[in-house]
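Student: Please take a close look at a single helix-helix contact in this model. Then follow the chain on to the annotated domain and its hairpin.

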Amino acid sequence: IPVIVKALHKQLKEKSLKSRQGCFCLLTELAHTVPGSLEEHIPALLPGIVFCLTDKSTSSTMRIDALSFFHVLLISHPPQAFQPHMQMLLPAVLTCVDDTFYKITSEALLVTQQLVKVMRPQGQTATSGGFDPKPFIKEVFSVTMKRLKATDIDQEVKESAISCMGHMVCHLGDHLGTELPGVLVIFLDRLKNEITRLTAVKTLTLISASPLKIDLTSILPEALSVLGSFLRKNQRALKLSTLACLTVLVTHHAASIKPAALEPVLSEIPPLVDESDMHVSQVSITLLTCMAKACPSSLAKISSSVLPGVFKLIHSPLLQGGALLAILDFLQALLTSKATNLGYSQLLKSLTEPFQSSKTSADVLHRQSYHSVARCVAALSSASPKETPGTVTNLIQQVKTSSSPESARVLALLCLGEVGRNGSLGGSKEVQGVILEAFSSTYEEIKTAASCALGGMAVGSLNEFLPFILKEISAQPRRQYLLLHSLKEVISACPASSLSPHVESIWALLFQHCESQEEGTRNLVAECLGKLTLVNPAQLLPRLKQQLKAGSPLARSTVVTAVKFTIVDHPAPIDSLLKDSIGEFLKTLQDSDINVRRVALVMFNSAAHNKPSLVQGLLGTVLPHLYKETQIRKDLIREVEMGPFKHTVDDGLDVRKAAFECMYTLLDSCLEGLDVLQFLDHVEEGLKDHYDIRMLTFLMLARLVSLCPAAVLQRLDRLVEPLKATCTTKVKAGSVKQEFEKQEELRRSAMRAVAALLAVPEVERSPSMAEFANQIRSNADMASIYQSVQGGEGGGMGPTEGMDIS
């Protein structure tokens with residue numbers, strides 16, 4: 001970098017336009033790519049920037065390039081680096097603010113905005129390093145104010161002027177004195193203007209959050225009324241920005257806001273709390289939470305307006321993530337603030353009432369709503385510790401009452417789990433008995449809820465419940481699957497520091513059950529093993545690898561599946577260890593047992609999808625075994641007699657499907673490591689295989705057409721035949737409805753691949769493709785399917801010139 005910069009800063013004073021433009025492009029990329037890398041070179045670079053901004057012979061384009069680079073430089077480097085040079089920099093930039101070309105003015109205002117932040121970085125109340133911003137404030141304010149007041153200027157300049165002045169008020173408002181009220185009045189005026197309102201909202205947000213605590217009393221009542229009106233606009237970006245602005249205003253200026261001033265805002269919130277837009281709902285509820293904390297008296301009337309919508313959202317199957325967390329915060333704030341006449345028991349009743357009716361069915365209440373309500377009950381319990389013992393007693397009684405509706409008992413169990421997750425259950429003996437009794441229920445939903453509840457309780461009270469879970473797994477084979485679900489929840493949710501003392505006992509127990517005859521149980525054991533390995537990868541991954549050498553095929557398949565659960569889609573401490581050892585686990589692609597090979601392919605697919613870097617160097621070793629598994633093996637196909645009928649069973653289908661799924665993943669993650677022509681040979685075989693595999697290979701073919709059309713064209717004549725066979729095959733008369741539907745979906749998927757092929761200009765050179773296109777055109781049934789898939793996958797790709805089949 002020093003060598004580059006030394007060469008470039010000389011070029012900045014050269015007369016050659018192209019030379020200087022090239023310098024700015026390169027410097028901008030450096031500042032973007034390596035923030036802070038130019039800090040020691042700033043004194044050398046600034047004279048060149050100033051020269052380009054002030055030299056009369058400099059073109060408008062060059063000034064814009066110089067300002068753009070300076071903007072990036074200011075953003076990507078610390079303020080102290082520029083403070084010593086302010087005397088030289090500001091006049092040059094402010095001259096550009098006065099330029100007649102709107103692009104220069106707009107870019108210069110953005111640079112000025114950054115220089116304001118340099119004068120006094122956020123939160124700084126006194127001069128730092130001997131730098132005093134006072135000598136520069138008047139000139140910057142004057143030039144910016146001139147642009148802010150102007151109405152007959154370009155939209156871009158208007159927005160830049162509003163934003164720049166907003167930063168001045170935010171960072172230097174205490175130096176503006178009598179000028180400040182006038183500025184705020186202009187901001188209010190811009191807030192009322194449709195063209196500038198969005199920028200004004202964002203600027204008001206910035207000012208409201210300023211640590212200088214700018215006095216907004218003069219404009220606040222009217223601003224709140226205007227902001228409230230924005231919430232009914234159809235412009236989503238304006239709604240979200242307005243909600244953010246209102247949240248900041250309520251948080252930082254509650255003392256200046258009278259409850260009546262918030263009524264125009266509150267009246268607009270109910271329609272915003274709706275499952276049709278979860279993010280708007282989340283931000284709206286966050287605003288309500290701030291109001292409950294900062295000015296609770298403003299929420300006195302929400303029980304009849306906003307709350308019904310909140311409870312409806314809680315019972316929605318779509319509620320999750322940030323929106324759910326926002327609701328949990330809101331309920332706790334509402335309860336602790338005593339903002340309404342709704343107390344703990346009333347809120348609890350509103351949450352749980354829909355589950356108490358015997359008429360409630362799974363159609364009415366989605367599974368997600370049970371979990372959402374359970375978390376809400378736990379949040380209320382956490383905010384009112386005095387109410388918790390009574391709540392737990394009632395929940396236990398609800399579970400034990402066999403006459404209660406199934407929905408109520410399921411919810412009660414999940415609530416116990418979530419309250420227990422917070423460590424608030426108290427004594428555990430009665431709860432353990434209730435859980436064991438629920439495991440014996442005839443209702444699957446109750447048993448599943450009991451499993452989730454036990455896991456949650458153990459997360460909150462590990463020493464009480466984990467030994468109980470481990471003991472029951474060994475003692476109760478019939479409940480093993482449910483108990484393993486509980487254990488999985490514990491391993492997934494507990495921090496490594498809490499789990500560490502229990503790792504050995506859990507590890508030993510899991511390996512006692514890794515050869516279970518039930519695949520579902522083995523998969524659960526594998527998931528537990530994989531997630532447990534993440535607690536201490538350096539110690540446990542080598543031990544997992546050792547297990548490959550011992551044990552039955554069932555044990556090996558469990559170990560390989562466990563590795564899949566150690567591969568996560570974000571950087572993790574295990575990554576470097578996995579990279580060194582994943583090759584050993586992938587050797588199971590050569591295992592004598594077909595099921596071990598299948599799970600090895602599933603594990604490879606997970607690695608290729610989530611962490612391609614783990615397997616890119618192993619493709620040469622893996623691909624021959626992968627391709628081998630795509631072949632149909634006649635020795636794995638057998639006929640089974642079912643009464644008077646014979647049913648064909650293909651024992652190799654699952655492993656083939658796993659292999660083709662790997663191929664599909666490799667197209668996106670490891671394309672550069674593939675021999676595409678060899679890859680296409682196996683795609684061709686897949687086009688003639690089972691229904692599920694053909695559906696996947698049609699997708700693969702369409703994807704290959706977009707990624708490497710030249711290679712596809714080389715194999716085109718061989719690929720057309722299976723496509724044609726699928727599109728022309730008809731189901732035998734008398735077949736069941738399902739067969740007709742499957743064949744129709746196959747034809748549509750094949751036609752999408754055909755549509756993708758016909759979008760390649762060179763395809764017209766293939767006689768077989770031209771003949772097939774004519775066949776589609778002349779057959780009303782196939783032409784109809786072709787037209788219908790044009791807007792779908794592979795759609796938007798009309799037939800090429802000379803191939804018009806419409």
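Tutor: Start with the residues that touch. Helix 27 contributes Arg-522, Asn-523, Val-525, Ala-526, Leu-529 and Gly-530. Across from them, helix 29 offers Leu-554, Ser-557, Thr-558, Thr-561 and Ala-562. By class, this contact has five nonpolar, five polar and one charged residues. The model is predicted, so read every value here as computed from it.

Now the geometry. Helix 27 spans residues 519-533, and helix 29 spans residues 553-564. Their axes lie 7 Å apart, at an angle of about 45 degrees. That angle makes helix 27 oblique to helix 29. An angle under 35 degrees would count as roughly parallel, and one from 65 to 115 as roughly perpendicular. The crossing of the two helices is right-handed.

Next, the annotated domain. An unreviewed UniProt entry assigns residues 614-776 to "domain: TATA-binding protein interacting (TIP20)". Over residues 614-776, the chain is 65% helix and 7% strand. The end C-alpha atoms of that stretch are 45 Å apart.

Then the hairpin. Strand 1 covers residues 637-642, and strand 2 covers residues 645-650. The two strands run antiparallel and are joined by six bridges. One pairing to inspect is Glu-639, whose bridge partner in strand 2 is Thr-648. Two residues separate strand 1 from strand 2 in this hairpin. In the turn, Gly-643 has a positive phi of about 65 degrees. In a regular strand, side chains alternate between the two faces of the sheet.

Technical notes. Residues are numbered from 1 along each chain as its sequence is written. This is a predicted model: local features need pLDDT of at least 70, side-chain atom pairs count only at pLDDT 80 or more; totals for chains, interfaces and linings use all residues. Side-chain values use heavy atoms; hydrogens and water are left out. Axes are lines fitted to C-alpha atoms, for helices over the stretch in contact, and angles run from 0 to 180 degrees between N-to-C directions. Helices (H or I, at least four residues) and strands (E, at least two) are DSSP runs, numbered from the N terminus. Angles under 35 degrees count as roughly parallel, over 145 as roughly antiparallel, 65 to 115 as roughly perpendicular and the rest as oblique. A crossing is left-handed if the near helix is turned anticlockwise from the far one by less than a right angle, and right-handed if clockwise. Contact means heavy atoms within 4.5 Å. Ala, Val, Leu, Ile, Met, Phe, Trp, Tyr, Cys and Pro count as nonpolar, Asp, Glu, Lys and Arg as charged, and the others, Gly among them, as polar. UniProt positions are given in the numbering used here, feature names are shortened, and annotations may be inferred rather than shown by experiment. Two strands pair if DSSP finds at least two bridges between them.
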